[in-house]
Amino acid sequence: MLLIKKYYRIAKIYVARLLVFRLRMVIWTLNDAVAIFVLPLVWLAAFGDKTQIQGLTKPELVTYYIVLGIVFILATPHPEDHMNQEIKDGKVSIWLVRPFSYFKNYLMSDALYRLVQAIVVLLLVPLVFFFYRDYLIFTNITSLFLAIVAGSIGFLIFFQLSFALGCAAFWLDDAYGVHNLYWFCTLVFGGALVPLEFLPKVLQSIAAVLPFRYFHYFPVKLYLNQLTTPEIIQGFMVQLLWFALAFVIYKTVWALGTKRYSAVGG
Amino acid sequence: MYAQVYLQFFKTSLSRAIIFRRNFWIHTFTSMMWVVYYVFSIEIIFRYTDSIRGWGKGEVLLIVATLFFIDGLRILLFHDNLRDLPSQITEGNLDLFLIKPLDAQFWLSLRRLNFTEVNLFLIGGLLWWYAFSLTAIQLTIINFFIYTILTLCGFLITYALWSMLVTCAFWFPRIDNITELFNRILEISKYPTSIFKGAIRIIVYTVIPLGVITNFPVQALAGSLTAVNMFYGLCLTAIFLLGARAFWLVAVKNYTSASS
């Protein structure tokens, strides 16, 4: 009971802080939402007289990008930039002695951010519906439910890896390049640029062994009901495997990093 | 006097860039990665089609190359300055610039040059050459001249639009991420604007004139831009620049400082 109270208090503080900067959040959301209003149009134009591209019809491709856009906004954690700054400024020190871990702090604030952001997304949904009214596909509740579960697990894997990435600041003066590389991989190998089956064969086989496809692509495929039952089971198994691996990675990197760390500036 | 001051801006920015050399190379590497991403995102579409509403691969890549030139120039001259303007306003630093015996907009737009993306000119040039060889365009001096002028117009419109967006920070504090959104919107102009229909199509030729910024120059190069459109592009540039100036003056007039 006491534990719930503690988390509730902390959550309240985070949400209050978020709401102070609500316009900022709206801008970030729009920033990610731009893709929803562009990429489907580019592909619709590319279709020309064709009815299918790589086995996908117009509505399937449009819905792919819309759902992917929404999953992208709601399940893309971003602790790394802030962490980078805090570690460099020596502000992480205080967290080493607090009875609440640095990891939990970011996990909670990021997850709450996504929840509040969901409200902004809900406001955008009618606009998207109207804009693409001729191309939307609604599958079924089970698919939607599976997509939400997969998206949530994906978020947790992604978060642990991003946290590990944020720890790069313990070693690097300028983690800008590494962050961008990671981001690049997220877009290309995670299906945000194009559905993975559109990629050249070489890149497809790279994407197959990387975790990125399980953040956004897998939930979208689940929603679209384009996977067979064995594929779904396999997908979730691999997700759990990545979850465990990401856990080990972040724990290790954090332990090594804090060991190395000597608070800059006090 | 302004030329002298600007020369000084240039010198100090350059020596800064030379001090942080490693930073320079990291940024160069990173921006090349995004260049690959841009080009790849076009290549992949043309694996599955021959044209996007009448635009072939060569023409679309010419648009991308043109965007690289505009991006290279705007990042070099304006990026760091305009990006930081909202936080300058929020934190009350603006007062310091307003009392200087120089035009504040001049100072705040041009003080720091960012050399990290100059590679875009080289890469843009290479891409331009490659893209051009894919097209059947007959290059004439006059078309190339108009292309250059319209690309410059595109660059000026970009500055004006961006400047107006960040100036909004006078009324809406804490929008220091607005430049990110602007970058994202400008990125749309790597596609032919003919993908848009209806209201959005009107918007991309008026309020957010992405079509004028990158599509017009390439159309001029191909000789398919009408004289009316060319004239429209020039007028729009003038309107945007005057608008940005007027908006700034109004904003400064209403400014009541943040902290002190």
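Helix axes whose N-to-C directions make an angle over 145 degrees count as roughly antiparallel, and that cut-off is useful for the opening stop of this tour through a predicted model.

Begin in chain B by selecting helix α7 (residues 141-167) together with helix α10 (residues 210-221), whose axes lie 8 Å apart and pack at an angle of about 180 degrees; α7(B) and α10(B) are therefore roughly antiparallel to each other. To see the contact itself, display the side of α7(B) that includes Phe144(B), Tyr147(B), Leu150(B) and Ile157(B), and then, on α10(B), residues among them Val212(B), Phe216(B), Pro217(B) and Leu221(B). By class, this contact of α7(B) with α10(B) comprises twelve nonpolar and four polar residues, with no charged ones.

Stay in chain B and select helix α3, which spans residues 57-90 and bends by about 65 degrees at Phe78(B). Of the 34 residues of α3(B), 27 are buried, so the helix is largely enclosed by the rest of the structure. Just after the end of α3(B), pause at Gly92(B), where phi is positive, at about 80 degrees.

Now move to chain A and select helix α5 (residues 80-89) with helix α8 (residues 141-166), whose axes come within 8 Å and cross at roughly 30 degrees. The two helices, α5(A) and α8(A), are therefore roughly parallel to each other, and α5(A) passes α8(A) in a right-handed crossing. Here Glu80(A), Met83(A), Asn84(A) and Ile87(A) of α5(A) meet Ser162(A), Phe163(A), Leu165(A) and Gly166(A) of α8(A), a set of residues that divides into four nonpolar, three polar and one charged.

Methods
Residues are numbered from 1 along each chain as its sequence is written. Chains are lettered from A and ligands numbered from 1 in the order in which they are written. This is a predicted model: local features need pLDDT of at least 70, side-chain atom pairs count only at pLDDT 80 or more; totals for chains, interfaces and linings use all residues. Side-chain values use heavy atoms; hydrogens and water are left out. Axes are lines fitted to C-alpha atoms, for helices over the stretch in contact, and angles run from 0 to 180 degrees between N-to-C directions. Helices (H or I, at least four residues) and strands (E, at least two) are DSSP runs, numbered from the N terminus. Angles under 35 degrees count as roughly parallel, over 145 as roughly antiparallel, 65 to 115 as roughly perpendicular and the rest as oblique. A crossing is left-handed if the near helix is turned anticlockwise from the far one by less than a right angle, and right-handed if clockwise. Contact means heavy atoms within 4.5 Å. Ala, Val, Leu, Ile, Met, Phe, Trp, Tyr, Cys and Pro count as nonpolar, Asp, Glu, Lys and Arg as charged, and the others, Gly among them, as polar. The bend at a residue is the angle between axes fitted to the seven residues ending there and the seven starting there. Buried means under 20% relative accessible area, exposed over 50%, partly exposed in between (1.4 Å probe, protein chains only).
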